[in-house]
Amino acid sequence: MGIHLKPVSVENWYECTKLKVKPEQQKVFPAPIVYWMAESKFVDDFELRAVYMEADVVGFIVYCKNPDVDGNYWIPAFMIDAKHQGKGYGRSALNKLIEIMSFMNCKRIMLGHRPDNRIAGELYESFSFKKVSEEVIDGEIVRLLQLP
Ligand SMILES: CC(C)(COP(=O)(O)OP(=O)(O)OC[C@H]1O[C@@H](n2cnc3c(N)ncnc32)[C@H](O)[C@@H]1OP(=O)(O)O)[C@@H](O)C(=O)NCCC(=O)NCCS
């Protein structure tokens, strides 16, 4: 089955809380998974997905199911657990997520990352997420992927 995305549910939420980035990545991805779970209880728009490799949870995603006022669908969080990074899972999960979002008929996918998060920046760039500005906005480089 390879990499696939599943809704976060009573079955897998606890496993998701154990996912962690590398210690040196905490400055670029500071919020723990439980934070995103808590926020999603108050922000109706947040959709949570567990990233699975076969039967194992290896990552976590938050995306928005509705556009903002400018028609942008945001991806507020995207991570692969420290133990599972560098195996192509991030690239594959992002591919699946873009596929899901394109089925939602979304044309503009937006995300942000810290300027010193080179790995994420290069990954997003390779999917044609273009910087909306050279300026850092609220501490982040904001990128937009325009879908046909
Ligand atoms: C960004 C992130 C999701 C990438 O996940 P991943 O599973 O390691 O990514 P992949 O294995 O699919 O690799 C994607 C690309 O990054 C590169 N890469 C991954 N880890 C790397 C490392 N430690 N050093 C250099 N390059 C690296 C890979 O070479 C690959 O490039 P390629 O496909 O051109 O060869 C992961 O590093 C992560 O969770 N980081 C912390 C959270 C974060 O920064 N989230 C995004 C910002 S909100």
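**Ligand shell, sheets and core of a predicted model**

Helix 4 gives the largest share of the shell around the ligand, 4 residues; helices (H or I, at least four residues) and strands (E, at least two) are DSSP runs, numbered from the N terminus. The structure is a predicted model, in which local features need pLDDT of at least 70 and side-chain atom pairs count only at pLDDT 80 or more, while totals for chains, interfaces and linings use all residues. Residues are numbered from 1 along each chain as its sequence is written.

It helps to begin with the ligand. In total, 20 residues surround it, and the closest are Phe29, Gln85, Gly90, Arg91 and Ala120; a residue is near a molecule if its C-beta atom, placed from the backbone, lies within 6 Å of it. Strand 5, helix 3 and helix 4 each contribute at least two residues to this shell. By character, the shell divides into 10 nonpolar, 8 polar and 2 charged residues. Here Ala, Val, Leu, Ile, Met, Phe, Trp, Tyr, Cys and Pro count as nonpolar, Asp, Glu, Lys and Arg as charged, and the others, Gly among them, as polar.

Next come the sheets. One open sheet of 4 strands runs in the order 1-2-3-5 with antiparallel pairing; two strands pair if DSSP finds at least two bridges between them. Strand 1 (3-7) and strand 5 stand at the edges with a single partner strand each, so one side of each has no neighbour in the sheet. On average, neighbouring strands of this sheet are turned by 25 degrees against each other, direction ignored. For such angles, axes are lines fitted to C-alpha atoms, for helices over the stretch in contact, and angles run from 0 to 180 degrees between N-to-C directions.

Within this sheet, strand 2 and strand 3 pair in the antiparallel sense over 8 bridges, and Ala50 stands opposite Phe60 in strand 3. The hairpin of these two strands has 2 residues between the strands, and Glu54 takes a positive phi near 55 degrees there. On to the next pair: strand 3 and strand 5 are antiparallel over 4 bridges. In strand 5, Met79 is the bridge partner of Phe60, and Phe78 is that of Ile61. Helix 2 packs on the sheet and touches strand 2, strand 3 and strand 5, its direction making about 145 degrees with that of strand 2. Helix 3 also packs on the sheet, touching strand 1, strand 2, strand 3 and strand 5, and its direction makes about 55 degrees with that of strand 1.

How enclosed is strand 3? Of its 9 residues, 8 are buried, so strand 3 is largely enclosed by the rest of the structure. A residue is buried if 20 or more other C-beta atoms lie within 10 Å of its own, exposed if 12 or fewer, and partly exposed in between. The largest nonpolar core has 34 residues, and Val51 and Phe60 have the most contacts inside it. Such a core is a set of buried Ala, Val, Leu, Ile, Met, Phe, Trp, Tyr and Cys residues joined through C-beta atoms within 7 Å. Strand 3 supplies the largest share of this core, 7 residues. Setting aside residues up to four places away in sequence, Val51 touches Ile3, Leu5, Val58, Gly59, Phe60, Ile61, Ile80, Tyr89 and Ala93; contact means that the C-beta atoms of two residues, placed from the backbone, lie within 7 Å. In soluble globular proteins, nonpolar side chains tend to be buried together.

There is also an open sheet of 4 strands in the order 4-6-8-7, with mixed pairing. Its edge strands are strand 4 (73-74) and strand 7 (130-131), each pairing on one side only. Strand 7 and strand 8 (residues 141-146) are antiparallel over 2 bridges, with Lys131 opposite Arg143 in strand 8. Helix 4 packs on the sheet, touching strand 6 and strand 8, and its direction makes about 165 degrees with that of strand 6. Strand 6 and strand 8 pair in the antiparallel sense over 6 bridges, and Arg108 stands opposite Gln146 in strand 8. The covered face of strand 8 holds Ile141, Arg143 and Leu145, and the uncovered one Val142, Leu144 and Gln146. In a regular strand the side chains alternate between the two faces of the sheet.
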